[in-house]
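Work through the exercises below with the sequence and the model open side by side. Try each task before reading its solution.

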Amino acid sequence: MAEHAEESKVEGLVEKIKEELHDSSSSDSDHEKSEPSSSSVKAKMFRLFGREQPVHKVLGGGKPADVFLWRNKKASAVVLGGATAIWVLFELMEYHLLTLVCHGLILSLAILFLYSNATTFIHKSPPRIPEVSIPEDLTVDIARSLRYEINRAIAVLREIALGRDLKQFLGVIAGLWLLSVVGGCCNFITLFYIVFVLLHTVPFVYEKYDDKIDALAEKAMIEIKKQYAVFDAKVLSKIPKGPLKNKKQH
């Protein structure tokens, strides 16, 4: 009888999860219900991570989004090719950063030296070395944005550490553990290159096949929440509650 009650409870939670997923991504407008269009039907679909905007806007728009989504194929190819060349130099050829910088400076100084001495024979002005100029306002804005993001990350970690949301806590622990496993399999440069390649492939593929991916993601989310509901019914619900939580309920 107890197992039957738990199974019925889990089934009820699964049905509730399905209703919440469809209700959260659907519109409440009566006009859209009476006159459905292709855009309204698309808006009612489940979107991964609750996405309400196009992928281009989610990535921030502008030139970086164009590069990640291959809107500017030449720029995307140059950026990805440069990252690949850096990975090959440091990982496959086992080049070191200091050695690369020194060799680059040697080559640059040699070219400038030869060109400067050649200008006396060809009657041209010596090469002009540009100066680096960074606007002060831009530097201040970057520092403020970085400070805001760091404080927000610390606030999120503080909320997780307080243990108010057990589901979020377990998700973060699982994610950090998975990241540690991946980090143990490869070094930082390889991991950075993998992430860089994923940024140039995953958003592009998702934008192209977003409807199919969202449909599969909806099924996966239902299954994950179903398994969590089973785990909650069989394990978490049987954990004795602390006295602090009982006092709050009174």
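The exercises go from the whole chain to single helices, then to residue pairs and the surface; the model is predicted.

**Exercise 1. The chain as a whole**

Task: State how many helices and strands the chain has, and what share of its residues count as buried.

Solution:
- Step 1. The secondary structure comes to 12 helices and 0 strands.
- Step 2. Of the 250 residues, 14% count as buried.
- Step 3. The chain exposes about 20,000 Å², and carbon and sulfur atoms supply 66% of that area.
- Step 4. Take the contacts between residues at least 6 apart in sequence: 59% of them join residues at least 24 apart.

**Exercise 2. The span of two helices**

Task: Check whether the end-to-end distance of helix α6 agrees or disagrees with its number of residues, then treat α7 in the same way.

Solution:
- Step 1. Helix α6 covers residues 73-92, which is 20 residues.
- Step 2. With 1.5 Å a residue, the expected span of α6 is 28 Å. The C-alpha atoms at its ends are 26 Å apart, which agrees.
- Step 3. Helix α7 has 26 residues and should span 38 Å. Its end C-alpha atoms lie 37 Å apart, and this agrees too.
- Step 4. Look at what comes after each helix. Glu94 follows α6 and has a positive phi, near 55°. His123, just after α7, takes a positive phi of about 55°.

**Exercise 3. The two sides of α6**

Task: Decide which residues of α6 are buried, which on the other side are exposed, and what the buried ones pack against.

Solution:
- Step 1. The buried residues in α6 are Ser76, Leu80, Ala83 and Phe90.
- Step 2. Viewed down the axis of α6, the buried residues fall within an arc of 100°, so they line one face of the helix.
- Step 3. The general rule behind such a pattern is that an α-helix has 3.6 residues a turn, so residues three or four places apart point the same way.
- Step 4. Lys73, Lys74, Val78 and Leu92 are exposed on the other side of α6.
- Step 5. The partners of the buried residues are α5 (62-68), α7 (97-122) and α10 (188-208).
- Step 6. Take Ser76 as a single case. Its relative accessibility is 0%, and because buried means under 20%, Ser76 counts as buried. Apart from neighbours within four places in sequence, Ser76 is in contact with Asp66, Val67, Trp70 and His200.

**Exercise 4. Salt bridges**

Task: Find how many salt bridges the model has, and state where the partners of the Arg71 pair lie.

Solution:
- Step 1. The count comes to 2 salt bridges. In general, side chains of opposite charge can pair when their charged atoms come close.
- Step 2. One salt bridge joins the side chains of Arg71 and Glu207, at 2.5 Å from N to O.
- Step 3. Arg71 is in the loop between α5 and α6, while Glu207 is in helix α10, so this pair ties together parts that are 136 residues apart in sequence.
- Step 4. Arg71 is partly exposed at 46% relative accessible area, and Glu207 is partly exposed at 26%.
- Step 5. Glu149 forms a salt bridge with Arg152, with 2.9 Å between the closest N and O atoms.
- Step 6. Glu149 and Arg152 are 3 residues apart in helix α8 (residues 136-161), and about one helical turn separates them.
- Step 7. Glu149 is partly exposed, at 39% relative accessible area, and Arg152 counts as partly exposed at 45%.

**Exercise 5. A nonpolar surface patch**

Task: Name the residues of the nonpolar surface patch, and say which helix supplies the largest share.

Solution:
- Step 1. Leu166, Phe169, Leu170, Ile173, Phe231, Val235 and Ile239 make a nonpolar surface patch of about 550 Å².
- Step 2. Helix α9 gives the largest share of the patch, 4 residues.
- Step 3. Phe169 is found in α9, which covers residues 166-185, and Leu170 is in α9 as well.
- Step 4. Phe169 counts as partly exposed at 33% relative accessibility; Leu170, at 35%, is also partly exposed.
- Step 5. Phe169 lies 10 residues from Glu159 in sequence, and their C-alpha atoms are 9.2 Å apart in space.

Note on methods. Residues are numbered from 1 along each chain as its sequence is written. This is a predicted model: local features need pLDDT of at least 70, side-chain atom pairs count only at pLDDT 80 or more; totals for chains, interfaces and linings use all residues. Side-chain values use heavy atoms; hydrogens and water are left out. Helices (H or I, at least four residues) and strands (E, at least two) are DSSP runs, numbered from the N terminus. The expected span of a helix is 1.5 Å times one less than its number of residues. Buried means under 20% relative accessible area, exposed over 50%, partly exposed in between (1.4 Å probe, protein chains only). The arc is that of the directions from the helix axis to the C-beta atoms. Contact means heavy atoms within 4.5 Å. A salt bridge is a side-chain nitrogen of Lys or Arg within 4 Å of a carboxyl oxygen of Asp or Glu. Accessible areas come from the Shrake-Rupley method with a 1.4 Å probe; for residues, only the protein chains shown count as cover. Patches are made of residues with over 30% relative accessible area and no salt bridge: like charges are joined within 9 Å, nonpolar side chains (Val, Leu, Ile, Met, Phe, Trp, Tyr) within 5 Å.
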